[in-house]
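Thanks for asking me to look this one over. Here are a few notes to read with the model open beside you.

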Amino acid sequence: ILKRLIAAAKDVQDGINRQKNDGATALIAAATFGRTLAMTQLIEHKADVSLQMRDGTTALMRAAQMGFSGAVDPLCQAGADVNTTNQAGRNALDLALLSDRSEMTADILKAKGVRASQGALKSVDRRSSNGDRRVSTASDRRVSNARPPTGPKPTHVGRFRSISEKR
């Protein structure tokens, strides 16, 4: 599909770097889903690694946030600015730490000289002395404060029989 998109684009640069309403590009979408082959092909056809979504998010930030460490290096090699921040003031390392999806992604970014913001560091709780980190997010608080469901239990749970039992 990607090859057809590239071939069909009258102006290759315009087709590859076309932004949707939210500012997302094909490269940002590929980075979001960890599609490194698609990213490599887009970069080879001069996809702009510095384009930002409306909220300031870049392809590098999405790859880092989703924990796709294999997608971070090609973006950096293609010239993605590791210190770019989004509208919330977060850089790729901040998003990697806050998402708590991949220590390897955070380590790659640290090796490239990226520093986490103070806000992101304050959000990261140290759970144990071995350096294991956990982020307290709004969804965590909702889950921990949630009350157990009340009312009758569903009657259909546990009533499924295997095919051999039905015979």
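1. A word on terms to begin with: a pocket here is an open set of grid points with protein on both sides within 12 Å along at least five of seven lines, and a lining residue has an atom within 4 Å of a point. Please keep in mind that this is a predicted model.

2. On that footing, 13 residues line the largest pocket, and Arg18, Lys20, Ala24, Thr25 and Ala26 are the ones nearest its centre. Its volume comes to about 180 Å³. Helix α3 (residues 26-32) contributes the most to this lining, with four residues. By class, the lining has seven nonpolar, three polar and three charged residues.

3. Next, have a look at helix α5 (residues 59-66) and helix α6 (residues 69-77), whose axes lie 8 Å apart at an angle of about 160°. Because angles over 145 degrees count as roughly antiparallel, α5 is roughly antiparallel to α6. The crossing of α5 past α6 is left-handed. Ala59, Leu60, Ala63 and Ala64 of α5 make the contact with Ala71, Val72, Leu75 and Cys76 of α6. Those contact residues comprise eight nonpolar, no polar and no charged.

4. Further along, helix α7 (residues 92-99) and helix α8 (residues 103-111) cross at roughly 155°, and their axes come within 9 Å. This pair is therefore roughly antiparallel, and the α7 and α8 crossing is left-handed. From α7, Ala92, Leu93, Ala96 and Leu97 meet Thr105, Ala106, Leu109 and Lys110 of α8. The α7 contact with α8 divides into six nonpolar residues, one polar and one charged.

Notes: Residues numbered from 1 in each chain as written. Predicted model: local features only at pLDDT ≥ 70, side-chain atom pairs only at ≥ 80, totals over all residues. Heavy atoms only, no water. Axes fitted to C-alpha atoms, helices over the stretch in contact; angles between N-to-C directions. Helix = DSSP H or I, 4+ residues; strand = E, 2+ residues; numbered from the N terminus. Parallel < 35°, antiparallel > 145°, perpendicular 65-115°, else oblique. Left-handed = near helix turned anticlockwise from the far one by under 90°. Contact = heavy atoms within 4.5 Å. Nonpolar A, V, L, I, M, F, W, Y, C, P; charged D, E, K, R; others polar. 1 Å grid on protein atoms, 1.4 Å probe; cavity = no way out; pocket = protein on both sides within 12 Å on 5 of 7 lines; lining within 4 Å. Points joined across faces, edges and corners; volume = space filled by probe spheres on them.
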